[in-house]
Amino acid sequence: MKLWDKGTNEVSKEIETYTVGRDRELDLLLASFDVYGSMAHAAMLESIDLLTKEEHAQLQTELKNILGVIEAGQFIIEDDIEDVHSQVELLLTRKLGDAGKKIHSGRSRNDQVLVDLRLFTRHEIQTMTELVEELFTTLNDLSRKHKEVLMPGYTHLQVAMPSSFGLWFGAYAESLTDDLQLLLAAYRIVNQNPLGSGAGYGSSFPLDRKMTTELLGFEDLSYNVVYAQMSRGKVEKSVSFAMSSIAATLSRMSMDICLYNSQNFGFLKLPTEMTTGSSIMPHKKNPDVFELIRAKMNKLQSLSNEVTLITTNLPSGYHRDMQTIKETFLPAFTELKSTLEVCTFAMKNIEVKTDIIDDPKYNDLFSVEEVNRLVNQGVPFRDAYIQVGKAIEAGGSTLSKEVNHTHLGSIGNPANDEIADKLENVLKGFEFVKANSAIAKLIGR
């Protein structure tokens with residue numbers, strides 16, 4: 001069954017196989033959201049007298065039945081059916097006859113795909129946000145716990161100044177707050193209703209687009225019907241960019257861990273059950289999980305560029321090019337979510353070495369502390385800098401390993417409460433409660 005089939009033409013099997021691509025496989029991810037959109041659309045059609053009350057009631061009952069099949073994991077797209085939209089309509093038509101055929105009134109597969117993707121993406125953003133929050137809490141708690149444990153700070157991979165595990169864990173916690181700012185911006189772009197834009201030029205039916213917006217819990221509309229279609233690809237690019245920011249944070253942290261876990265650094269230790277061995281070297285304990293996090297997150301960062309390249313220089317209106325975006329966009333959520341989960345698990349089990357700075361190779365780490373001590377005694381900074389530098393070059397200097405950092409965001413004051421407040425303020429911007437309540441009301445739960 002094809003929603004566009006008029007019964008007058010037959011597409012060759014080779015062309016059909018190529019053009020359908022992975023739609024039937026990937027559309028299973030959209031199935032429940034297609035039902036939500038259809039329920040809202042049917043309610044709207046009844047309100048403008050394109051469905052009778054009886055037909056609407058029948059459609060809602062059968063759509064709920066289909067949703068139950070989907071949630072039970074038993075929904076399939078039949079072999080000769082093109083996509084999820086065709087399958088849902090076919091099931092309605094088989095059961096309800098003409099009422100099932102009427103549900104596509106005032107709707108195109110174009111805006112049907114748009115609303116499915118936005119509802120799916122909105123749901124995935126909520127899950128990702130919750131996972132980021134869990135990882136943030138883990139990192140911020142580790143920052144508090146290890147606030148006093150010093151470690152070397154590096155610039156140019158050269159020993160630079162004293163740092164602490166409190167700062168190191170806290171840095172990645174705060175990085176996640178900015179990542180969520182980008183995700184919030186993407187969420188606001190996603191959370192606009194495209195339903196009613198049809199094939200990109202609206203409908204002569206008096207569609208109530210504000211009604212479907214309310215029923216589906218969207219914050220606003222994509223008002224202009226041409227722009228609603230142009231947003232295909234733009235939405236995915238915005239979300240992909242936000243996801244790539246999270247991925248960059250996870251990749252960089254994983255690189256640090258791989259480095260710090262190595263014998264040459266020895267700052268961190270991974271429990272044996274979190275490492276793998278070598279087929280030839282019996283002493284090896286490899287940080288494979290963080291190497292794979294690094295690789296997968298680096299790969300994910302290419303997604304926004306891929307979407308950009310697919311959509312660059314396309315004219316307005318719908319083009320089949322957009323279908324190819326689904327093939328990497330939809331699976332990316334699973335990749336990022338599983339990585340956030342394993343990263344949180346791993347960070348909860350990581351072990352910190354507490355005597356790192358006792359190693360003589362870190363003696364020069366405290367040179368700036370010595371300069372600052374002299375400045376506090378009245379020596380001009382540049383003179384103190386030269387004096388300490390000459391003493392180090394001459395050899396034999398002994399620098400105090402005491403640090404006295406008190407300002408906000410420093411070793412002695414890593415601002416864990418303030419960073420937690422920062423996260424909380426970002427989380428308030430997401431309208432998850434409104435969206436979830438609307439869907440629950442729509443499906444009668």
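**Close-up views of salt bridges and a helix pair**

**View 1. R94 forms a salt bridge with E78, and their closest N and O atoms are 2.8 Å apart.** The model shown here and in the following views is predicted. R94 belongs to helix α5 (residues 84-96), whereas E78 sits in the loop between α4 (53-71) and α5, so the pair ties together parts that are 16 residues apart in sequence. R94 is exposed, because its relative accessible area of 52% is over the limit of 50%.

**View 2. A salt bridge joins R109 to E82, with the closest N and O atoms 3.0 Å apart.** This pair links distant parts of the chain, 27 residues apart: R109 is in helix α7 (residues 109-145), and E82 is in the loop between α4 and α5. The two partners are described separately by their accessibility. R109 is partly exposed, with a relative accessible area of 21%. E82, at 8%, is buried, because the buried class covers values under 20%.

**View 3. E82, D83 and R109 are linked in a network of salt bridges.** The bridge between R109 and E82 was the subject of the preceding view. Within this network, E82 is a buried residue, while R109 is partly exposed.

**View 4. D359 and K361 meet through their side chains in a salt bridge, at 2.9 Å from N to O.** Both partners are assigned to an accessibility class. D359 has a relative accessible area of 29% and is partly exposed. K361, with 49% relative accessibility, also counts as partly exposed. In general, side chains of opposite charge can pair when their charged atoms come close. For the model, the count comes to 17 salt bridges.

**View 5. Helix α15 (residues 367-376) and helix α16 (residues 381-394) cross at roughly 135°, their axes coming within 9 Å.** The two helices are therefore oblique to each other, because this angle falls neither in the range of 65 to 115 degrees for roughly perpendicular nor over 145 for roughly antiparallel. The crossing of α15 and α16 is right-handed.

**View 6. Residues of α15 meet residues of α16 where the two helices are in contact.** From α15, the contact includes S367, E370, V371, N372, L374 and V375. From α16, the residues that take part include F381, A384, Y385, Q387, V388 and I392. Sorted by class, the contact of α15 with α16 has eight nonpolar, three polar and one charged residues.

Definitions and conventions. Residues are numbered from 1 along each chain as its sequence is written. This is a predicted model: local features need pLDDT of at least 70, side-chain atom pairs count only at pLDDT 80 or more; totals for chains, interfaces and linings use all residues. Side-chain values use heavy atoms; hydrogens and water are left out. A salt bridge is a side-chain nitrogen of Lys or Arg within 4 Å of a carboxyl oxygen of Asp or Glu. Helices (H or I, at least four residues) and strands (E, at least two) are DSSP runs, numbered from the N terminus. Buried means under 20% relative accessible area, exposed over 50%, partly exposed in between (1.4 Å probe, protein chains only). Axes are lines fitted to C-alpha atoms, for helices over the stretch in contact, and angles run from 0 to 180 degrees between N-to-C directions. Angles under 35 degrees count as roughly parallel, over 145 as roughly antiparallel, 65 to 115 as roughly perpendicular and the rest as oblique. A crossing is left-handed if the near helix is turned anticlockwise from the far one by less than a right angle, and right-handed if clockwise. Contact means heavy atoms within 4.5 Å. Ala, Val, Leu, Ile, Met, Phe, Trp, Tyr, Cys and Pro count as nonpolar, Asp, Glu, Lys and Arg as charged, and the others, Gly among them, as polar.
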